[in-house]
Amino acid sequence: MTLTENQAAAMTALIKTCLRNMGGENLAELQCDPHTWVDASDLVDAGWGQKEAEGTFGSLVAEGLIYMEEDFALTPNWDELRKFHA
């Protein structure tokens, strides 16, 4: 899967948001959290404009990196998520 720089930056921002929300620092801690919910507003909070955030978020859904559960959530593919968080 090849993402644009914008999409990769968005994934990094969304992972950081999830970590901040659960009080964690790394993906190993996030793996123990069953609630990796995200929203386009998380990208707005990270500096994207509203329309840009919505478009970027939608493109990440289309790529399968975000999916609809009860709410939108990060993919459970931890190998894929590691690409966006060191």
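Here a biologist and a modeller talk through the cysteines and helices of a predicted model.

Biologist: What should I know about the model first?

Modeller: It's predicted, so local features need pLDDT of at least 70 and side-chain atom pairs count only at pLDDT 80 or more, while totals for chains, interfaces and linings use all residues. Residues are numbered from 1 along each chain as its sequence is written, and side-chain values use heavy atoms, with hydrogens and water left out.

Biologist: How do you know that Cys18 is in no disulfide?

Modeller: A disulfide is a pair of cysteine sulfur atoms within 2.5 Å. The sulfur of Cys32 is 14 Å from the closest cysteine sulfur, in Cys18, and that's too far for a bond. The structure ends up with zero disulfides.

Biologist: What makes Cys18 buried and Cys32 exposed?

Modeller: Buried means under 20% relative accessible area and exposed over 50%, with partly exposed in between (1.4 Å probe, protein chains only). Cys18 has 3%, so it counts as buried. Cys32 has 66%, so it counts as exposed.

Biologist: And why is Asn21 called exposed?

Modeller: Its relative accessible area is 58%, which is over 50% and therefore exposed. Asn21 is found in helix 1; helices (H or I, at least four residues) and strands (E, at least two) are DSSP runs, numbered from the N terminus.

Biologist: How do you know that the span of helix 4 is close to the one expected?

Modeller: The expected span is 1.5 Å times one less than the number of residues. Helix 4 (residues 50-63) has 14 residues, with 20 Å expected, and it reaches 20 Å from its first C-alpha to its last.

Biologist: What puts Ala53, Thr56, Phe57 and Leu60, the buried residues, on the same side of helix 4?

Modeller: They cover an arc of only 100° around the axis, so they sit on the same side. The arc is that of the directions from the helix axis to the C-beta atoms. In general, an α-helix has 3.6 residues a turn, so residues three or four places apart point the same way. The face turned away from the buried side of helix 4 carries the exposed Lys51 and Ala62.

Biologist: Why is helix 1 called roughly perpendicular to helix 4?

Modeller: Their axes come within 10 Å and cross at roughly 90°. Angles under 35 degrees count as roughly parallel, over 145 as roughly antiparallel, 65 to 115 as roughly perpendicular and the rest as oblique, so helix 1 is roughly perpendicular to helix 4. Axes are lines fitted to C-alpha atoms, for helices over the stretch in contact, and angles run from 0 to 180 degrees between N-to-C directions.
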